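Trainee: I'm new to this structure and would like a close look at a single part of it, the place where the ligand sits. Could you walk me through that, starting with a word on salt bridges?

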Amino acid sequence: MKRIVLGTVSAAAMISASFAAAEPSAEVLHYWTSGGEAKSVAVLQKEFADNGGTWTDMPVAGGGGDAAMTALRARVLSGNAPTAVQLKGPAIQEWYEEGVLADISNVAEAEGWADVLPDSIAGHMKCEGNWCAAPVNVHRVDWIWANADVLEANGVEMPTSWDEFNAAAEKLQAAGVIPLAHGGQSWQDATVFEAVALGILGPDGFRKAFVDLDEATLTSDEMKAVFDQMRTMRGYVDENFPGRDWNLATAMVMNGEAAFQIMGDWAKGEFLAAGKVPGEDFLCASTPGEGFLYNVDSFAMFDVDGDDKRQGQELLAKLIVGQNFQKVFNLNKGSIPARTDVALEEFDSCAHLSSEDMTASSEGGSLLPSYAHGMALRGAQAGAITDVVTSHFNSDMSSEDAVQQLLTAVQNSM
Ligand code: GAL
């Protein structure tokens, strides 16, 4: 892995002179294309330009990032990797093992990242002990969002158990309201599934299943209960859900067409971008159960040629973990800063709840990596689980068959 800056003394002199003279530039591959997402990445584009950088945008539409990862692989295989890529969790180390990432330890050490990032996050940003990615935020995945007026009009409270959720959904459905706004895409099915799994399996059960891939837990009665709950929730979505983008499901809650959405707090970025006020227009709560599912967006720097691009990578990494960007980006994006020393005064009540719950779950041992958003498992294992989850949700597969298929899929993915 190539260090961004230093070489031998004379080479250093030569490199630093040409390096120092180079104008920072970066081609940045990401999948932030929804209203709230685009508004958030624009913060980084502006900061980069304000610091003399030239940003070439490479947005690849498709929530969850599957299409972006396909585009990335094609670019790397053609020997033309982007300068920086929105890359998360174990996928960072998987790309490192292919020898195509750059080492940004120089920036991390100069900026003191180790002092301001929790170990749970810093660990994801390292490749064999060197910093190879810059963390942007902490998204929480296990959220339920609601339209405040729809709930009030139907005498429904935010549910604190899955039984309460089902009772509320039945009541809303009887009143002609779509209980659950959902987008029929496999990553969205997996997002709802893992929130349900956390609530029913509990934090330890979730860790055993989706971090340790414990076979007994994957085939347990509790896991059958998770699929039973998913089957019940299949009855609460509207008939037009197949293929719907996540932000369009958020819009259904926003305009009162639907009551609830279960989605990470990037959904809050959509509400905020539309001028909606938390606690007034929309409500936020963690999904029923204990624990906190985290999803950390980050940018990895690829091993590309050209002092301008290496300058660009250095500047990007520095800005991404900088105080100002960590605040302004996350105020827009719906997540909370990865840095622990950014004041949260300007953040809303949902962000405060996320930060408090993250601290409490970290201390209580229930802070868990999201499997659906690529924080817990390598791609092959995560993909195998999601294939079973989405085929169960979109069929009449029994829960008994689902847990058996889950075990087989995981075993075959090893
Ligand atoms: C996640 C990503 C978030 C969010 C979401 C929807 O995987 O980490 O930042 O944008 O997908 O696209």
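Mentor: Happy to! Across the whole structure, which is a predicted model, a search finds 13 salt bridges. One of the pairs meeting this way is Arg207 with Asp204, whose side chains come to 3.2 Å, N to O. Both belong to helix 10, which covers residues 186-210, and because they are three residues apart there, about one helical turn separates them.

Now to the ligand. Where does the ligand sit? Its place is the largest cavity. Around the ligand there are 14 residues, and those that come nearest are Glu37, Lys88, Asn295, Asp297 and Lys333. Sorted by character, the shell holds five nonpolar residues, five polar ones and four charged ones.

Let's look at some individual contacts, taking Glu37 to begin with. An N or O atom in the Glu37 side chain is 2.4 Å from an oxygen atom of the ligand. Lys333, another of the residues that come nearest, has a side-chain N or O atom 2.8 Å from a ligand oxygen. His373 takes part as well: one of its polar side-chain atoms lies 3.0 Å from an oxygen atom of the ligand.

How much of the ligand does the protein bury? On its own the ligand would expose 300 Å², and the protein buries 100% of that. So when you turn the model on your screen, look for the ligand inside the largest cavity, then pick out the side chains of Glu37, Lys333 and His373 beside its oxygen atoms.

Conventions. Residues numbered from 1 in each chain as written. Predicted model: local features only at pLDDT ≥ 70, side-chain atom pairs only at ≥ 80, totals over all residues. Heavy atoms only, no water. Near = heavy atom within 4 Å. Polar contact = N/O pair within 3.5 Å; in protein donor to acceptor, adjacent residues only side chain to side chain. Areas by Shrake-Rupley, 256 points an atom, 1.4 Å probe, with all protein chains shown as cover. 1 Å grid on protein atoms, 1.4 Å probe; cavity = no way out; pocket = protein on both sides within 12 Å on 5 of 7 lines; lining within 4 Å. Sits in = over half its atoms within 2 Å of the grid points. Nonpolar A, V, L, I, M, F, W, Y, C, P; charged D, E, K, R; others polar. Salt bridge = Lys/Arg side-chain N within 4 Å of Asp/Glu carboxyl O. Helix = DSSP H or I, 4+ residues; strand = E, 2+ residues; numbered from the N terminus.
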